[in-house]
Amino acid sequence: MPNATARLMSLNGRVVPYDECQVHAFCGAMKYAAAVFEGLRGYWNEARNDLYVFRLHEHLQRLRYGMRVLRLEPVFDEAFLAESLIGMIRANDLRETVHLRMIAFLDGDDELSAKGPAGLVCGALPRPRSRAVREGVHVAVASYTRIADNALPPRVKCTANYVNNRAAELEARRNGFDGVLMLTDRGKVSEGSGACFFMVRNGVLHTPDVTSDILESITRDTVIRLTSERLGMAVHERAIDRHEIYAADEAFWCGSGYEIQPILSLDRLAIGAGKPGVVTRALQEAYFGIAEARLSEHPEWRTPIYANA
Ligand code: PMP
């Protein structure tokens, strides 16, 4: 039974019913977690009667980069990846805001050193804006250390990385928090289990730099650009300490799935006034306006699905 997932999926470039989107239980992805994935969003715009995939090119580039890092063969070209995803969306005739999933994985039943054949799965599920975006979240620092770059590749969405994120997330949920913030093996702030961290302090936006074992997040890049373009505010990408966050005026985290969620407290200590901050709200407004095609800026970030059909 489809778990709220759209009726049709895409498997190796073919549109198939949800129940037929299957791989062998002994494939390399199952045995060795040799897989890399993407989570994207498609935003429905009622007035324009179209669905806009946000930053498709950047997501497909990162998926290809992830395939190279995992040495999967062949690395699918961007046209094949885009056609598989868009073909699946059109076949389902999706006309609501959705979360899109793509997984490139090691198929076949070979040993640890196998590189191919690579397979590709694409699917979609309806996902309207969350309550966390409106109301904010309470976060804890994890007792688990974030994976280090010389152990696993944090910069790509490799499936194996998420054993670490999941352990941290489950711990935070057990303890009654909405989410988790992980620290690097050097004790610096890294990121959430599915989102990148930002804080505002003394009129400047701060975020962990790309050597803080973070995913090179596409939403992080969007936020950095919108902060200077629309708010005229400086952004510092640098190593951040845990105790600096307690002194922040506001904080939020962001990701394609999370979008932009205010962080109200860390370790049960209120951040600023303990409410969504003005910078966070201004960035949300810009982000949703652009992603949902209500604002005209950055048309290069939006791929309309039906206008070009
Ligand atoms: N960090 C992690 C660990 C993630 O899984 C995600 C979600 N992809 C993000 C950050 C945010 O990345 P993006 O903005 O590219 O979705």
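## Exercises on the ligand site and the empty space

α5 (162-174), α6 (218-231) and β13 (250-255) each contribute at least two residues to the shell around the ligand. The model is predicted.

**Exercise 1.** Describe the shell around the ligand by nearest residues and by class.

*Solution.*
Step 1. The shell counts residues with a heavy atom within 4 Å of the ligand. There are 16 residues around the ligand, and those that come nearest are Lys-157, Tyr-162, Ser-217, Thr-219 and Ser-256.
Step 2. Sorted by class, the shell has six nonpolar, seven polar and three charged residues.

**Exercise 2.** Which side chains place a polar atom 2.5 Å from an oxygen atom of the ligand, and how far from a ligand oxygen is the polar side-chain atom of Ser-256?

*Solution.*
Step 1. The cut-off for a polar contact is a pair of N or O atoms within 3.5 Å.
Step 2. In Tyr-162, a side-chain N or O atom is 2.5 Å from a ligand oxygen.
Step 3. Thr-219 has a polar side-chain atom 2.5 Å from an oxygen atom of the ligand.
Step 4. For Ser-256, the distance from a polar side-chain atom to a ligand oxygen is 2.6 Å.
Step 5. On its own the ligand has 380 Å² of accessible area, and the protein covers 96% of that.

**Exercise 3.** Identify the pocket that holds the ligand and characterise its lining.

*Solution.*
Step 1. The ligand takes up space in the largest pocket.
Step 2. This largest pocket contains about 1,000 Å³ of space.
Step 3. Its lining consists of 48 residues; Phe-37, Arg-101, Met-102, Ile-103 and Lys-157 lie nearest the centre.
Step 4. By class, the lining of the largest pocket comprises 26 nonpolar, 16 polar and six charged residues.
Step 5. Compare the two lists: Lys-157 is among the residues nearest the pocket centre and also among those that come nearest to the ligand.

**Exercise 4.** How many cavities of 30 Å³ or more are there, and which residues line the largest cavity?

*Solution.*
Step 1. The count is one cavity of 30 Å³ or more.
Step 2. The volume of the largest cavity is about 50 Å³.
Step 3. Its lining is made of Leu-40, Arg-41, Tyr-43, Phe-54, Arg-55, His-59, Ile-218, Thr-219, Thr-222, Ser-256 and Tyr-287.
Step 4. β3 (35-45) and α6 each provide at least two of these lining residues.
Step 5. The class split of the cavity lining is five nonpolar, four polar and two charged.
Step 6. Thr-219 and Ser-256 belong to the cavity lining and are also among the residues that come nearest to the ligand.

How values were computed. Residues are numbered from 1 along each chain as its sequence is written. This is a predicted model: local features need pLDDT of at least 70, side-chain atom pairs count only at pLDDT 80 or more; totals for chains, interfaces and linings use all residues. Side-chain values use heavy atoms; hydrogens and water are left out. A polar contact is a pair of N or O atoms within 3.5 Å; within protein, one must be able to donate a hydrogen and the other to accept it, and residues adjacent in sequence count only if both atoms are side-chain atoms. Accessible areas come from the Shrake-Rupley method with a 1.4 Å probe; for residues, only the protein chains shown count as cover. On a 1 Å grid over the protein atoms alone, a cavity is a set of points where a 1.4 Å probe fits but cannot get out, and a pocket is an open set with protein on both sides within 12 Å along at least five of seven lines; lining residues have an atom within 4 Å of a point. A molecule sits in a cavity or pocket if more than half of its atoms lie within 2 Å of its grid points. Helices (H or I, at least four residues) and strands (E, at least two) are DSSP runs, numbered from the N terminus. Ala, Val, Leu, Ile, Met, Phe, Trp, Tyr, Cys and Pro count as nonpolar, Asp, Glu, Lys and Arg as charged, and the others, Gly among them, as polar. Grid points are joined across faces, edges and corners, and a volume is the space filled by probe spheres set on the points.
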